[in-house]
Amino acid sequence: MLQTTGKNLGIGKKNTLIGKRSSDSALVTLTERKTRFGMIFVIPGKECFYVTDLFMKLQKILRDKFNKIFKSVTSDNGKEFCELGKILSEFGSEGYYTHPYLAYERETNERISELIRRFIPKGKEINKISKEAIKRVRDWYNTLPRRIFNYKSSIEKFLMEMKGICEIEMLEKLLVEV
């Protein structure tokens, strides 16, 4: 499993949320374990090449900082993550898979999924939800004061960790463009 120390952060858990079972878009959530900072991305479908494309876009934005921010990624065993280990190793990061049916191996990400489902329930078509609405959900989640952080928010903790790794403008671009 992912271990993070000091400034070497890793995005802890990865998951997808789907709306209607047809040809709807999907949400990919990335949750950083140490700070509980969450990112939500919309991909056109739940196929492997969309997840690969997402990580290629992330790497293009972060360039040589990619493997410092995404030190490792743990995902479930969904078909959409079939190429995850390969693409991450190309970028100098590591990919891990959880054991089937063991949600407790991804507790932090399961929690963000529960919070997202408050606003985007199962069955709601994701491709009909605006980017602004998804951004509001992400911002709401990341600005919640957390007892584990002495009532600081995830975004505050994440930005403190990122100071030595990359510029805030690079992170803003990451969260806006992808």
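**Arg36 and its surroundings in a predicted fold**

At 23% relative accessibility, Arg36 counts as partly exposed, a class that lies between buried (under 20% relative accessible area) and exposed (over 50%), as judged with a 1.4 Å probe and protein chains only. This is a predicted model, in which local features need a pLDDT of at least 70 and side-chain atom pairs count only at pLDDT 80 or more, while totals for chains, interfaces and linings use all residues. Residues are numbered from 1 along each chain as its sequence is written, and side-chain values rest on heavy atoms, with hydrogens and water left out.

Arg36 sits in the loop between strand E2 (26-32) and strand E3 (38-43), where helices (H or I, at least four residues) and strands (E, at least two) are DSSP runs numbered from the N terminus. Once its neighbours within four places in sequence are set aside, Arg36 is in contact (heavy atoms within 4.5 Å) with Thr31, Thr108, Tyr141, Asn142, Arg146, Ile148, Phe149 and Ser154. Ile112 lies 76 residues away from Arg36 in sequence, yet the two C-alpha atoms are 8.8 Å apart in space.

The wider chain puts this loop in context. Its secondary structure comes to 7 helices and 7 strands, and these follow one another along the sequence in the pattern β-β-β-α-α-β-α-β-α-α-β-β-α-α. Of the 178 residues in the protein chain, 47% are buried, and among contacts between residues at least 6 apart in sequence, 59% join residues at least 24 apart.

How far the model can be read depends on where one looks. The mean pLDDT, which is the predictor's confidence in each residue on a scale from 0 to 100, is 83 for the protein chain, and 86% of the residues reach 70 or more. Among the elements, strand E1 (residues 11-18) has the lowest mean pLDDT, at 58, and strand E7 (residues 152-153) has the highest, at 95. Over residues 1-10 the pLDDT is below 50, although this stretch has 38 contacts in the model beyond near neighbours in sequence.

The cysteines come next. The structure holds 1 disulfide, defined here as a pair of cysteine sulfur atoms within 2.5 Å, and it is formed by Cys48 and Cys82, whose sulfur atoms are 2.5 Å apart. With -120 degrees about the S-S bond, the link between Cys48 and Cys82 is left-handed. Because Cys48 lies in helix H1 and Cys82 in the loop between strand E4 (72-75) and helix H3 (84-90), the pair ties together parts that are 34 residues apart in sequence. Cys48 is buried, at 13% relative accessibility, whereas Cys82 is partly exposed, with a relative accessible area of 48%. Cys166 also counts as buried, at 5% relative accessibility.

Two loop residues deserve a look at their backbone angles. Most residues other than glycine have a negative phi. Arg63, which is not a glycine, nevertheless has a positive phi of about 50 degrees, and it is placed in the loop between helix H1 (48-62) and helix H2 (66-69). Tyr101, likewise a residue other than glycine, has a positive phi near 65 degrees, and its place is in the loop between strand E5 (94-97) and helix H4 (107-119). Tyr101 is exposed, with a relative accessible area of 83%.
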